[in-house]
Amino acid sequence: MGGFFSALNPYIRTMTRIVAVSLLAFLAVSSAELTAQRSLRTYDLSAFAGTSNAIGNFANNPSINNLLSETRSQFGVGFTHFTGPRWGWGFEGRYGTLYADNRNHTAAGFTGIEMNSTYTQVQGQLTLHLRKFGKYYKRHFHTPYLRPGAGVVFTQSSYMYDVPYPANATIYNGTNPSLTYGMDLGWKFRLSEYQSLALEWGTHFVPGDKIEGFTVANDDTPDRINGLRVRYTYHIYTWE
């Protein structure tokens, strides 16, 4: 276990810097908003469903055909507290499946190997509306937004016993925890005073490099989980 955390130390430091800078930016902007009217604050409860794709040790060719044929599903729920019309902080949980077939990719040494993995991801996140959005901004019935986040992902992969793995591969059976960080880009549309619908795309890096259930020596490139999502949100106002 000590070796696991030692190997992740560089990534922990990188993720810590990212989270620290994001939190400082959030606190600097939201400090002024905290003195604003309570009516500008919102609690958002959301549910979403979408697609999952992996980029990893052998899933290295994200062509359109591969993205379509290897796409699997994900779903989840989230909570965000908006301190004003632009900034919010919160957390969410995701569950999804990942698939890749080495015949669709160009990495050498993976003959006959397929990846079949499930993942559970929990993360904290910040949200920035690029236009003011909320109950009192009805002229802005839509807004693009950014959502950086960081957390942990637990993956579990099916090991293929009937094919040879590369000699420099290390197998990790069972559930494998890894840190994760990334960014979601989305566009939100108001459905009513209390509801909105959003379309978003996100990419999240997995420095533990174990979403396939194995790692390859001398490969320091983080795995990635990409996906498209449709998100439904119900808005709760703290002051009617």
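How many helices and how many strands are there in the chain?

**Figure 1. The whole chain, before we zoom in.** This is a predicted model, and its chain has two helices and ten strands. Walk along the sequence and you get the pattern α-β-α-β-β-β-β-β-β-β-β-β. Of the 240 residues in the chain, 46% are buried. Take the contacts with a separation of 6 or more, and 71% of them come from residues 24 or more positions apart. The accessible surface adds up to about 12000 Å², with carbon and sulfur atoms holding 64% of that.

**Figure 2. Close-up of Asp 184 and Arg 94, a salt bridge between two strands.** The structure has eight salt bridges, and here is one of them: Asp 184 pairs with Arg 94, with 2.7 Å between the closest N and O atoms. Asp 184 sits in strand E7 (residues 175-190) and Arg 94 in strand E3 (residues 87-101), so this pair ties together parts that are 90 residues apart in sequence. What is the relative accessibility of Asp 184? For Asp 184 the value is 0%, so this residue counts as buried. Arg 94 is buried too, at a relative accessible area of 4%; the cut-off for buried is under 20%.

**Figure 3. Close-up of Arg 147 and Glu 200.** These two side chains meet in a salt bridge, at 3.0 Å from N to O. Distant parts of the chain are linked here, with Arg 147 in strand E5 (residues 142-157) and Glu 200 in strand E8 (residues 195-206), 53 residues apart. Are Arg 147 and Glu 200 buried or exposed? Both Arg 147 and Glu 200 are buried.

**Figure 4. Close-up of Glu 200 again, this time with Arg 229.** The side chain of Glu 200 also meets that of Arg 229 in a salt bridge, at 2.8 Å from N to O. Once more the pair links distant parts of the chain: Glu 200 belongs to strand E8 and Arg 229 to strand E10 (residues 223-237), 29 residues apart. Like Glu 200, Arg 229 is buried.

**Figure 5. The salt-bridge network, put together.** Which residues do salt bridges with shared partners join into one network? The members are Glu 92, Arg 94, Arg 147, Asp 184, Glu 200, Arg 229 and Arg 231. The pairs from the earlier views all turn up here, with Asp 184 and Arg 94, Arg 147 and Glu 200, and Glu 200 and Arg 229 each bridged directly.

Note on methods: Residues numbered from 1 in each chain as written. Predicted model: local features only at pLDDT ≥ 70, side-chain atom pairs only at ≥ 80, totals over all residues. Heavy atoms only, no water. Salt bridge = Lys/Arg side-chain N within 4 Å of Asp/Glu carboxyl O. Helix = DSSP H or I, 4+ residues; strand = E, 2+ residues; numbered from the N terminus. Buried < 20%, exposed > 50% of the residue type's maximum accessible area, 1.4 Å probe, protein only. Contact = heavy atoms within 4.5 Å. Areas by Shrake-Rupley, 256 points an atom, 1.4 Å probe, with all protein chains shown as cover.
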